Amino acid sequence: MSSQSPKTTPEHKKNGSKERFSSSGFILAAIGSSVGLGNLWKFPYITGKHGGAAFFLLFIICLIIVGLPILLAEMAIGRGGRGNASSSLFNLSGKKYWSFFGFLSVLTAFLIMSYYAVVAGWTLHYTVQSFSGILMKPGLDYKSVFTGFASGYMPIFWQAVVMLVSGWVIARGVSGGIEKFNKILIPGFLIILLILLTRSLTLPGAMEGVRFFLKPDFAKLDAESMLIALGHAFFSLSLGMGCMLTYGSYVDKKQSLGTATIAIGLGDLVYAFIAGLVIFPTVFSYGLQPSEGVGLAFMALPAAFTQMPFGALFGGLFFLLLAIAALTSAVSILEVPVAFAMHKWSWSRKKAAVVVSLVCFFVGIPAALSVGGVLGSFQPGGKTIFDWVDYVTAYVLMPVGGLVVTLFTGYAWKKAGDEVGLSGFWYRTWMILLRLIVPVLIVLVFLYSVGLLKV
Ligand code: PHE
């Protein structure tokens, strides 16, 4: 495989974007991408279920061994190649087939965005419904409330709002759009999280929730928890779909990618930790059962907020938190195909943002209508369209994307160490992880997720 960087090819010149993040802007935008629904509705539950603090420790180890090395590699490829998720690989290797592998990430991001916008739309709907008090009425059955909403056409309206907001932010550019958006929303996110944390920890019986979340139980750690922790480390850092690579292409050469990696990893961890301390005391204090995903956010938690004094306010703040987490992640996902379209067809940023958002919106409509809506009964292979897109992207395409980044950096790109400023012991450690350990672990998680490996 080639090691030279054909930096003078016309393609490279065409792709070499002049747009740049400021140093703090980049860290905030990357944290905005990584802190998403995974932190708020998935991490707390899998932690509680798989051994509390013991699982948390395991997650930190997975984050360090698998997450951070790939994160660093993705950002380095972006900054070194100065292209999109596909052309950066070509710019660094001179090999067409790498740009094809990179293109898979673009496709993954496009598909994820098409249904992520649907879920982000739900959070916006619930934010409005909570603040207006409509959702916080005693005696409501939140399961039917959710199915009633999801089976209608309102989700498409909210999906359109999400595409409009994300497209608009991206059309405004890297520093004037993406960076500004995250600079406003991420501190806002932290403030809301701290308000909710104060509320949840002062609820009667809060400690029971904290115990569920954190009580260390090493006996519960097994091979399955290991694979779950690994898979989640991957998802939580937004890896394997070109997000961090594309953001990395807007990073200044002076920025230390090592420091950025640690800051992003820590940010993701801290937000996930606080999310657990908000969610479980709230759920347990009102005698409800914890769960994950849709059941937790749209059914269990509204039932808890309804019983709380000023429930409309706290419930509204909680859904606003979800909406911010989802929107800052959505922007990072949409940027991947937009950057690709800009380079590939020499489109202006505005044109690419408008066209990609529109196409993505239409592609996402079937997913929106399949959660109990008119397409709900169309279930080829026992899965709805929504579940299929989720399954194929999260379990097949994202691991493949991660593998591409890992193998490319480990084997094909000989100058990776120069780009990240690593040498000696740290460079060797990074390479051993990327060449051997990480690929093996990714393949194991992949086989486990698709059901080919039973543990
Ligand atoms: N990292 C986000 C989360 O934790 C999800 C995500 C995945 C965002 C991939 C962007 C890209 O929810």
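Which side chain has an N or O atom 3.1 Å from a nitrogen atom of the ligand? It is the side chain of Ser 238, and the pair falls under the definition of a polar contact, two N or O atoms within 3.5 Å.

Before I continue, a word on the source. This is a predicted model, in which local features need pLDDT of at least 70 and side-chain atom pairs count only at pLDDT 80 or more, while totals for chains, interfaces and linings use all residues. Residues are numbered from 1 along each chain as its sequence is written, and side-chain values use heavy atoms, with hydrogens and water left out.

I return to the ligand. Two backbone contacts involve oxygen atoms of the ligand: one lies 2.7 Å from a polar backbone atom of Gly 38, and an oxygen is 3.0 Å from a polar backbone atom of Ser 34. On its own the ligand has 320 Å² of accessible area, of which the protein covers 99%; these areas come from the Shrake-Rupley method with a 1.4 Å probe.

The shell around the ligand holds 14 residues, with Ser 34, Gly 38, Phe 235, Ser 236 and Ser 238 the closest; a residue belongs if one of its heavy atoms lies within 4 Å. Six are nonpolar, eight are polar and none is charged, with Gly counted among the polar residues. Helices H2 (23-34), H3 (37-49), H11 (223-236) and H15 (311-344) each supply at least two residues, and H3 gives the most, with three. Helices here are DSSP runs of H or I with at least four residues.

The ligand sits in the largest cavity, in the sense that more than half of its atoms lie within 2 Å of the grid points. On a 1 Å grid over the protein atoms alone, a cavity is a set of points where a 1.4 Å probe fits but cannot get out, whereas a pocket is an open set with protein on both sides within 12 Å along at least five of seven lines; lining residues have an atom within 4 Å of a point.

Now the pockets. The largest encloses about 1200 Å³. Its lining numbers 44 residues, and Lys 42, Glu 292, Asp 390, Ala 394 and Tyr 395 are the closest to its centre. That lining comprises 29 nonpolar, eight polar and seven charged residues.

The second largest pocket holds about 400 Å³. Among its 13 lining residues, Leu 68, Leu 72, Ile 262, Leu 422 and Trp 426 lie nearest the centre. Ten of the lining residues are nonpolar, three are polar and none is charged.

Notes:
A polar contact is a pair of N or O atoms within 3.5 Å; within protein, one must be able to donate a hydrogen and the other to accept it, and residues adjacent in sequence count only if both atoms are side-chain atoms. Grid points are joined across faces, edges and corners, and a volume is the space filled by probe spheres set on the points.
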